[in-house]
Amino acid sequence: MQMRTPSYPNASPRCRSESCLFTFIEQNKTMARFAHMARHIVRQPRHLIYEQGDSAQGCYWLCQGQVQLTRWSESGKRQFIRFVQPGQLFGVEALTDRAFHDQYAEAVEESVIVFLEGRGALMALLEEPEFSTHLVRLLIHEMLEVEGRLQVLLAGGAIQRIACLLRILLDSHDAVGSRSLKLTNETLAAMVGTSPQTVSSCLGRLQRRGIIARERGWIRILEPDGMGAFT
């Protein structure tokens, strides 16, 4: 396992996303003193934010885009953990007694991220009621997403698990407007416990039924209610 200290030489200007930590701080005047603690970084699709085994020097807050958390097991098996959505924290090992990240984080699409260096930065923010309340809401959302993932694992065959997962992701990723999800066959396979070949076959079946459409790593849900026939 590689163990190195990550560096972020290409920091971006501050973004103005409603999900940005700086935006959150600016909307809560009592938190203005925390603005100097964090900085933005930008990662393009498929670029790593940190690797499994990197030193846990701080925490991350996603402002824009989407990040995928995955880990390699001791047997070399790739294990999907979750998607990070704008406004969510990730890479929080620095808040525990862990010295290194136990998973790797990869940008799914162009992503703007705030890096909070040091354990003290986030611990100080947690003392602010506005921030701690906001964080509790995020944690509840993530807990509900985990429960949804368990439903997927308890579903029937591969196509049932895939249909169930797509419906959960459509809801939890706030993708109802576009009804589009950026997912590869490999990622879906890791999430539902099957092979990329089986995923391709199942998606083809859903596409022939007019329930989804596929294009270059994107899955567009045409008939969300049609998923019910498989779940």
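Two strands count as paired here if DSSP finds at least two bridges between them. Keep that in mind as you click through this predicted model.

**Stop 1: the sheet with β1 and β6**

Start by selecting strand β3, residues 58–64, together with β6, residues 89–90. These two strands pair in the antiparallel sense over two bridges. For a closer look, show Tyr60 and find its bridge partner in β6, which is Phe90.

Now widen the selection to the whole sheet. Four strands form an open sheet here, in the order β1-β8-β3-β6, and the pairing is antiparallel. Which strands stand at the edges? They are β1 (38–43) and β6 (89–90); each has a single partner strand, so one side of each is left without a neighbour in the sheet. As general background, strands of a sheet pair through backbone hydrogen bonds, either parallel or antiparallel.

**Stop 2: the sheet with β2 and β5**

Next, move to the open sheet of four strands with the order β2-β7-β4-β5, where the pairing is antiparallel. The edges here are β2 (48–50) and β5 (78–84), each with a single partner strand, so one side of each has no neighbour in the sheet. Try turning the view: neighbouring strands of this sheet are turned by 30° against each other on average, direction ignored.

Begin at the β2 edge. Strand β7, residues 104–107, pairs with β2 in the antiparallel sense over two bridges. Select Tyr50 and you can look for its bridge partner in β7, Ala105.

Then go across to strand β4, residues 67–72. How many bridges join β4 to β5? There are six, and the two strands run antiparallel. Show Gln68 and you will find it opposite Phe83 in β5.

Follow the chain around the turn as well. β4 and β5 form a hairpin with five residues between them. Pick out Gly76 in that turn, which has a positive phi of about 90°.

**Stop 3: a charged patch**

Finally, switch on the surface and select Arg205, Arg208, Arg209 and Arg214. These four residues gather in a patch of positive charge on the surface. To place Arg209 along the chain, look in the loop between α6 (196–208) and β10 (212–215).

Technical notes. Residues are numbered from 1 along each chain as its sequence is written. This is a predicted model: local features need pLDDT of at least 70, side-chain atom pairs count only at pLDDT 80 or more; totals for chains, interfaces and linings use all residues. Side-chain values use heavy atoms; hydrogens and water are left out. Patches are made of residues with over 30% relative accessible area and no salt bridge: like charges are joined within 9 Å, nonpolar side chains (Val, Leu, Ile, Met, Phe, Trp, Tyr) within 5 Å. Accessible areas come from the Shrake-Rupley method with a 1.4 Å probe; for residues, only the protein chains shown count as cover. A salt bridge is a side-chain nitrogen of Lys or Arg within 4 Å of a carboxyl oxygen of Asp or Glu. Lys and Arg count as positive and Asp and Glu as negative; His and the chain ends are not counted. The place of a charge is taken as NZ of Lys, CZ of Arg, CG of Asp or CD of Glu. Axes are lines fitted to C-alpha atoms, for helices over the stretch in contact, and angles run from 0 to 180 degrees between N-to-C directions.
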